[in-house]
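Welcome, and thank you for taking a look at this protein with us. Please have the sequence and the 3D view at hand as you read.

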Amino acid sequence: MRRLTVLSGPSGVGKSTVVAEIRRAHPEVWLSVSVTTRAPRPGETHGVQYFFVDDAGFDRLVAEGELLEWAEFAGNRYGTPRRPVEDRLARGEPVLLEIDLQGARQVRRSMPAALLVFLAPPSWEELVRRLVGRGTEPPEVIERRLDAARVELAAEKEFDVTLVNTSVQDVCLELLALMAVR
Ligand code: 5GP
């Protein structure tokens with residue numbers, strides 16, 4: 001059985017939607033809950049989507065070696081608490097991390113046995129559509145996001161498996177099969 005699976009991919013590709021669907025349809029699958037310095041969005045609960053901490057709290061976790069990996073993303077920091085992941089892996093239970101590309105690279109280095117899954121958009125046009133979103137952002141911001149997305153898409157070759165996000169349900173099933181969860 002694959003024990004540690006990492007789901008990553010470009011921003012805007014729909015990683016958090018996939019994870020929300022796994023949470024809904026497969027509550028028995030344990031998902032790592034990350035720590036973040038970002039403020040909660042409406043509907044987010046401390047301990048469910050994230051553990052929300054301030055900068056000093058995050059600094060402390062880094063200094064004490066409590067994070068398996070961490071990265072800065074769009075002005076906030078995000079990290080995976082080490083202990084709950086290691087406890088589950090020690091018991092032979094599957095673990096799923098949904099993290100950004102920088103985090104996935106750190107896991108690749110520190111845990112080479114992990115299965116790295118790249119979530120890809122159905123097409124470049126579809127990713128552009130999702131990133132541009134409601135069209136409320138100025139053109140230069142959109143350009144910056146698209147430049148970042150081009151770089152992020154090029155990371156696909158570093159991954160073990162690519163799943164194309166055509167249907168959230170299909171991606172969930174494929175991911176669960178890769179994790180050997182029935
Ligand atoms: P959001 O703020 O939209 O919830 O997440 C922003 C980005 O942070 C997403 O790409 C998400 O995958 C990533 N992320 C969430 N948790 C972690 C984590 O623990 N570590 C890393 N490296 N990235 C994370």
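The text below walks through an annotated site, the main pocket, the nonpolar cores and a few residues worth finding in the view.

## The annotated site

Please keep in mind that this is a predicted model. A good place to begin is the record: the unreviewed UniProt entry carries a "binding site" annotation that covers G9, P10, S11, G12, V13, G14, K15 and S16. Of these residues, P10, S11, G12, V13, G14, K15 and S16 are included in the lining of the largest pocket.

Two members of this stretch can be described in detail. P10 sits in the loop that runs between β1 (4-8) and α1 (15-25). Is P10 buried or exposed? P10 counts as buried, because its relative accessibility is 0%. Leaving out residues up to four places away in sequence, P10 touches K15, F118, L119, P121, L127, E152 and L153.

S11 is also found in the loop between β1 and α1. With 23% relative accessibility, S11 counts as partly exposed. Its contacts, again without residues up to four places away in sequence, are F73, L127, L131 and E152.

## The largest pocket

The largest pocket has a volume of about 1,200 Å³. It is lined by 38 residues, and those closest to its centre are S16, R41, Y50, F73 and E98. Which elements give two or more residues to this lining? They are α1, β4 (67-73), β5 (76-81), β6 (95-98), α5 and α6. Helix α1 contributes the most, with six residues. Sorted by class, the lining has 16 nonpolar, 11 polar and 11 charged residues.

## The nonpolar cores

In soluble globular proteins, nonpolar side chains tend to be buried together. Here the largest nonpolar core has 22 residues, and L7, V18, I22, L96, L119 and L175 are those with the most contacts inside it. Two or more residues of this core come from each of α1, β7 (115-120), α5 (124-132), α6 (139-153) and α7 (168-178). Helix α7 supplies the largest share, four residues.

V18 gives a closer view of this core. Apart from its neighbours within four places in sequence, V18 is in contact with L7, L119, N165, V168, V171, C172 and L175. There is also a second, separate core of 18 residues, and L4, V6, V85 and L89 are among them.

## A few residues to find

P121 is a useful stop, since P10 touches it. This residue lies in the loop between β7 and α5, and at 10% relative accessibility P121 counts as buried. Aside from neighbours within four places in sequence, P121 is in contact with P10, V13, L127, L153 and V164.

R82 belongs to helix α3. At 29% relative accessibility, R82 counts as partly exposed. Not counting residues up to four places away in sequence, R82 touches G65, E66, L67 and L68.

A74 is found in the loop between β4 and β5. What is notable about the phi of A74? It is near 50°, a positive value in a residue other than glycine. A74 is exposed, because its relative accessible area is 69%, where exposed means over 50%.

D170 lies in helix α7 and is partly exposed, with a relative accessible area of 40%. P94 sits in the loop between α3 (82-90) and β6. P94 is partly exposed too, with a relative accessible area of 23%.

The table below pairs some of these residues with others along the chain, so you can trace the distances in the view.

| Residue pair | Separation along the chain | C-alpha separation |
|---|---|---|
| P121 and T166 | 45 residues | 7.3 Å |
| R82 and A104 | 22 residues | 14 Å |
| D170 and P112 | 58 residues | 27 Å |
| P94 and V128 | 34 residues | 33 Å |

## Bringing it together

The record's "binding site" annotation and the largest pocket share P10, S11, G12, V13, G14, K15 and S16. Helix α1 gives the most to the pocket lining, and α1 is also among the elements that give two or more residues to the largest nonpolar core.

Note on methods. Residues are numbered from 1 along each chain as its sequence is written. This is a predicted model: local features need pLDDT of at least 70, side-chain atom pairs count only at pLDDT 80 or more; totals for chains, interfaces and linings use all residues. Side-chain values use heavy atoms; hydrogens and water are left out. UniProt positions are given in the numbering used here, feature names are shortened, and annotations may be inferred rather than shown by experiment. On a 1 Å grid over the protein atoms alone, a cavity is a set of points where a 1.4 Å probe fits but cannot get out, and a pocket is an open set with protein on both sides within 12 Å along at least five of seven lines; lining residues have an atom within 4 Å of a point. Buried means under 20% relative accessible area, exposed over 50%, partly exposed in between (1.4 Å probe, protein chains only). Contact means heavy atoms within 4.5 Å. A nonpolar core is a set of buried Ala, Val, Leu, Ile, Met, Phe, Trp, Tyr and Cys residues joined through side-chain atoms within 4.5 Å. Grid points are joined across faces, edges and corners, and a volume is the space filled by probe spheres set on the points. Ala, Val, Leu, Ile, Met, Phe, Trp, Tyr, Cys and Pro count as nonpolar, Asp, Glu, Lys and Arg as charged, and the others, Gly among them, as polar.
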